[in-house]
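Subject: Structure handover

Hello,

Here is the structure I promised to pass on. Please open it beside this email.

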Amino acid sequence: MSDDYLVRIGKLIRDARQHRGWTQSQLAEALGTSQSAVNRIERGNQNISLEMIARIGEALDSEIVSLGYAGPMHLRVVGGRRLSGAIDVKTSKNACVALLCASLLNKGRTVLRRVARIEEVYRLLEVLHSIGVRTRWINDGVDLEIVPPAELDLASIDADAARRTRSIIMFLGPLLHRLDRFMLPYAGGCDLGTRTVEPHMIALRRFGLDIAATEGQYHAVVDRSVAPDRPIVLTERGDTVTENALLAAARHDGTTVIRNASSNYMVQDLCFFLEALGVKVDGIGTTTLTVHGVPTIDVDVDYSPSEDPVEAMSLVAAAVVTESELTVRRVPIEFLEIELAVLEEMGLDHDRTPEYFADNGRTRLVDLTVRPSKLEAPIDKIHPMPFPGLNIDNVPFFAAIAAVAQGKTLIHDWVYDNRAIYLTDLNRLGGRLQLLDPHRVLVEGPTRWRAAEMMCPPALRPAVVVLLAMMAAEGTSVLRNVYVINRGYEDLAERLNSIGAQIEIFRDI
């Protein structure tokens, strides 16, 4: 191989090793070679055979070099199996991405415990790495260490990674304190219809940020003479809008009042993290937040994000749809109380342990045991509301739950333009869902699920709902191109297999 190829392959191997959180010594041990040999390989100073490349890829669970295009990942599901045992809820995807963005506020070292290893997080890490932030997985790849540079290199930003996540928009709040002018690629993520960024702009203009959107970029200019002189009233009680306002307020040297703020789980986790950075936040859990900002943050901080209530709901739904008895551990009960109240009304048989605290010392958890139940359709429609109402992201799971209940259930997903449409994909699996308009679906149950082969919906939660229905359907189903599921769930197929599912991951040859 030429020296250029050796250097490029060495860099790929180094990145894959760091991505897994391994040292050179750990990789050397797995390969039966020396640490100095691994060091030479990564620096491109040693010839390397295709066999060794394949062995390294297998050890790191990473496709270093592929022959041809491997293609997207698919799932083959053998359904009709009962789940059993217990499963732990992972840390919150939405909290983790907010905390990654918030790490840009800190000049010191940030360690986030038990970070969700999902595609959304990986995309943000690619963006952070491209602008000069050092990140590495530590403690056997469980925790994440983040060390920012003295100066960020926005000119080198990985635009492709940035466009694959909507979370990039939460860079605006931290960056306005570090740079007078900068550009960010347009935000991407799930295909859920038009979701305007204008509420973000309304909040951030109060801190002197002016945005012009042209040629696929946000062009940002900061006027340092502008600062909030009265409470900021958000025009949308959105989670990311509130988080962006919090991130901007954290390093504003003064007091900022944010009204009509979201009090959802990821916002509370961000507030707890800001307090660990030395920023006082009053009103956590309410719709009025008062932020006592500090102009400079330079601390070494260690923080544990709390568990994900949406993942907890998806695991509860898996038990309900497959008529299984299952214990879901580490459930953030404060953010599932309305959902459980609705399920109780429908006839769900379950119990829960006394409450205990998450590792952040603030979020209340329980262990929840769900048993097979004869469900009836709820009297009222299923519709989301801002916290403490039924979580917007939990609405799709009720489509699968309603499909196994006796009677008709109206689901009104008023937030997103397209998501309700994707729920009708359940009809391919034997469901009886009638789309009344782009936001309302009428679900009739009970359903006799049947196996099918289909493409994965392009929105995260409907995609998981389809997977759960496949788990309930007798026979073998295939769900194609499941990248969107990997954006929000860590090793979901493997974890479901650990409690009795039979799901095989494969790619086209």
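Below is what I found in it, by region.

First, a caution: this is a predicted model. Please read every value as computed from that prediction.

**The four-stranded sheet**

Four strands make an open sheet, ordered 21-22-1-23, with mixed pairing. Its edges are strand 21 (453-455) and strand 23 (502-507), and each of these pairs on one side only. From one strand to the next, the twist averages 20°.

Take strand 22 (residues 475-480) as your reference. Strand 21 is joined to strand 22 by 3 bridges, and the two run parallel. Strand 1 (residues 73-79) is joined to strand 22 by 5 bridges, and that pair runs antiparallel.

Which residue of strand 22 stands opposite Leu75? It is Leu479. Met454 also has Leu479 opposite it in strand 22. Glu453 has Val478 of strand 22 as its bridge partner.

**The nonpolar cores**

Leu479 turns up again here. It is among the residues with the most contacts inside the largest nonpolar core, together with Phe171, Phe182, Leu184, Leu467 and Ile485. That core has 154 residues. Helix 16 (residues 460-472) gives the most to it, with 11 residues.

Ile485 is a good place to centre the view. Leaving aside neighbours within four places in sequence, Ile485 is in contact with Cys456, Leu460, Ala463, Val464, Leu467, Leu479 and Leu492. Two of the core residues named above, Leu467 and Leu479, are therefore on that contact list.

Another core lies apart from the largest one. It has 16 residues, including Ile9, Ile13, Leu31 and Ile53.

**The three-stranded sheet**

A further open sheet has 3 strands in the order 6-8-7, and its pairing is antiparallel. Strand 6 (181-185) and strand 7 (209-214) are the edge strands, each pairing on one side only. Neighbouring strands here are turned by 25° against each other on average, direction ignored.

Strand 7 and strand 8 (residues 217-222) run antiparallel and are joined by 6 bridges. To check the register, look at Ala213: Tyr218 in strand 8 stands opposite.

**Helix 5 against helix 11**

How do helix 5 (residues 93-102) and helix 11 (residues 265-276) meet, and at what angle do the axes cross? The axes come within 8 Å and cross at roughly 35°. The crossing is right-handed.

From helix 5, the contact uses Asn94, Ala95, Ala98, Leu99 and Ala102. From helix 11, it uses Tyr265, Met266, Asp269, Leu270 and Phe273. By type, these residues divide into 8 nonpolar, 1 polar and 1 charged.

**Asp413**

One last site. Asp413 sits in the loop between strand 18 (407-412) and helix 15 (419-423). Is Asp413 buried or exposed? Its relative accessible area is 1%, so Asp413 counts as buried. Not counting residues up to four places away in sequence, Asp413 touches Pro384, Val395, Arg419, Ala420 and His439. Arg419 and Ala420 in that list fall within the range of helix 15 (419-423).

**Where to look**

For a quick tour, start at Leu479, with Leu75 and Met454 opposite. Then go to Ile485 and its contacts. Finish at Asp413 in its loop.

Best wishes

Note on methods. Residues numbered from 1 in each chain as written. Predicted model: local features only at pLDDT ≥ 70, side-chain atom pairs only at ≥ 80, totals over all residues. Heavy atoms only, no water. Buried < 20%, exposed > 50% of the residue type's maximum accessible area, 1.4 Å probe, protein only. Contact = heavy atoms within 4.5 Å. Pairing = 2+ DSSP bridges. Axes fitted to C-alpha atoms, helices over the stretch in contact; angles between N-to-C directions. Left-handed = near helix turned anticlockwise from the far one by under 90°. Nonpolar A, V, L, I, M, F, W, Y, C, P; charged D, E, K, R; others polar. Core = buried A, V, L, I, M, F, W, Y, C linked by side-chain atoms within 4.5 Å.
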